[in-house]
Amino acid sequence: MINFSILINYWDMFLEGFQNTLIASMIALLGSFVLGTIIAVFRIAPFRPLNWVGAAYVEFIRNIPLLLIVFVFFYGFKFGGFTAGTLGLIIYTAAFIAEAIRAGILSIPKGQTEAARSSGLTYIQTMRYVILPQAIKVVIPPLGNQSLNLVKNSSILGVVAGLDLMYYADLVSLHTYVVFSVYIIVALFYLAITIPLSFLVEYLERRLTTSY
Amino acid sequence: MKKLIFSLISLTMIFVLAACGGGNEEEANGESGLDAIKERDKLIVGVKYDTKLFGLQDPSTKEVEGFDIDIAKEIAKEILGDESKIELKEVTSKTRIPMLNNGEIDAIIATMTITEERKKEVNFSDVYFNAGQSLLVKKGSPIKSIDDVGADTTVLAVKGSTSSINIREKAPDATLLEFENYQEAFLALKAGQGDTLTTDNAILYGMAQQDNNYEVVGDTFTDEPYGIAIKKGNDDLTEAINEVLNKLKESGKYDEIYEKWIGEKPKN
């Protein structure tokens, strides 16, 4: 049913697409975790103006389509397709990651902060030794979700000629008129990234839960 | 005797009706032949309503305008003596040949490329517009024709279009970036994501008119001649239309219409 000869005949294109999707996903994962954590800190820091900046970022970014963010970088700031797509992914996913981290921190009862602070720990120390180690357990599953979404969302690169899997899949299917098989093959390539990522998330969840 | 004549008449009528229903080709000169058009004193033409420069309906006035429409009007003027003796019907690439064969329209003037395959189904007039693939560049670009497209050129095209296949053959060294549709490809050209955009010149001329910082350069490097389609076997009308086209070209009226819509004089 699935025509795998397409995969062999267009192997170079699929491979280049796969590599670019993988690279874009990895860069974007790293970037969005860093940016997301910064935004989350902004949102819960004991300093009002920072809270506002964080809230504005989250509300603005998560409420517009990823495609439009990528278009702004591609057509507006005139970055190349790959760069524009990866930057868009970072900025967009960071908003969701910030929310997940914030939710994890807020899930730790207030009494713990109060107890830590009254026992003489500074705000930073409270975070480092009391709140974050507990929060991370709560945060791992939603962060895993966001990571998987990010990998799949990287298909947005195909729209701005970012030379990713989806871009080459479109070209191959349009040139060969084989549609079903091409996209099934593409699905397998995405699974090759997302399934290991899924297992990694599960592993982290198990390890971090048992250590406390 | 009366009875015999009566039955003969009814018999012939049955045959005529049967002929109408079955053989389309025999009665091609019936409802949309030159005589029929003159009798009804109106030319019915199938045109596009959604194609820039060639046949586009103005949403506010409902008026359809374009190169194809002006050519149609000239034909009505020559054949019927008045350019307003014309009825336009909207066709799409899918509906135009069936509508012509049904006799709903007398002719198709709707950016239709003459191909061998289509010639089996319809009559074509002489070429009335030399369409083909060309290049759109920012004014002042070093690219003047397809020969200037080399290894350090980035060409923009639309995913899966024949233009993108053609450009790979004509300029295999160039980098090709393909987009979802023409608007996005043009936007990418404006954003400096590539050096030139390639597709049919008819579309490129439309873009050049949207933004006059851009121009179409070089000759077409593929041949997609547009012709007027007439019902198969309707040679009277085909000849009449060819005569009109010749007259238009000789009188300079054709160049006038061409310049009005395309924005420049016809090349060669």
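Let's start in the middle: the largest nonpolar core in this predicted model has 123 residues. Select B:Ile108 and B:Leu136, the residues with the most contacts inside that core. Now add helix α5 of chain A, residues 81-106; this helix gives the most to the core, with 13 residues. On the chain B side, domain 1 (28-130 + 224-262) and domain 2 (133-217) both give residues to the core, so it lies between them.

**Zoom in on B:Ile108**

Which residues does B:Ile108 touch, leaving aside its neighbours within four places in sequence? Show B:Gly46, B:Val91, B:Arg96 and B:Leu100, then B:Ile228 and B:Ala229: B:Ile108 is in contact with each of these.

**Colour chain B by domain**

Give one colour to residues 28-130 plus 224-262, which the domain assignment calls domain 1, and another to 133-217, its domain 2. Put a marker at each C-alpha centre and you should find the two markers 30 Å apart. The contact between these domains takes six residues from domain 1 of chain B and four residues from domain 2 of chain B. On the domain 1 side, the touching residues divide into three nonpolar, one polar and two charged.

**Walk down helix α11 of chain B**

Next, select residues 253-262 of chain B, which form helix α11. Which of its residues are buried? Pick out B:Tyr254, B:Ile257, B:Tyr258, B:Trp261 and B:Ile262. Turn the view to look down the axis of α11(B): the buried residues fall within an arc of 105°, so they line one face of the helix. Swing around to the other side and you meet B:Glu256, B:Glu259 and B:Lys260, which are exposed.

What covers the buried residues? Turn on α4 (67-80), α9 (201-210) and α10 (235-251) of chain B, which are included in that cover. Before leaving, click on B:Gly263, just after α11(B), where phi is positive at about 90°.

**Switch to chain A**

Hide chain B and show chain A as a cartoon. You'll see nine helices and zero strands, and reading along the sequence gives α-α-α-α-α-α-α-α-α. Along its principal axes, the C-alpha trace of chain A spans about 70 × 40 × 20 Å. Colour by burial and 36% of the 212 residues in chain A come up as buried.

For a last look, draw the contacts in chain A between residues at least 6 apart in sequence: 74% of these join residues at least 24 apart.

Conventions. Residues numbered from 1 in each chain as written. Chains lettered and ligands numbered in written order. Predicted model: local features only at pLDDT ≥ 70, side-chain atom pairs only at ≥ 80, totals over all residues. Core = buried A, V, L, I, M, F, W, Y, C linked by C-beta atoms within 7 Å. Buried ≥ 20, exposed ≤ 12 C-beta atoms within 10 Å, placed from the backbone. Helix = DSSP H or I, 4+ residues; strand = E, 2+ residues; numbered from the N terminus. Domains from an automatic or database assignment. Contact = placed C-beta atoms within 7 Å. Nonpolar A, V, L, I, M, F, W, Y, C, P; charged D, E, K, R; others polar. Arc of directions from axis to C-beta.
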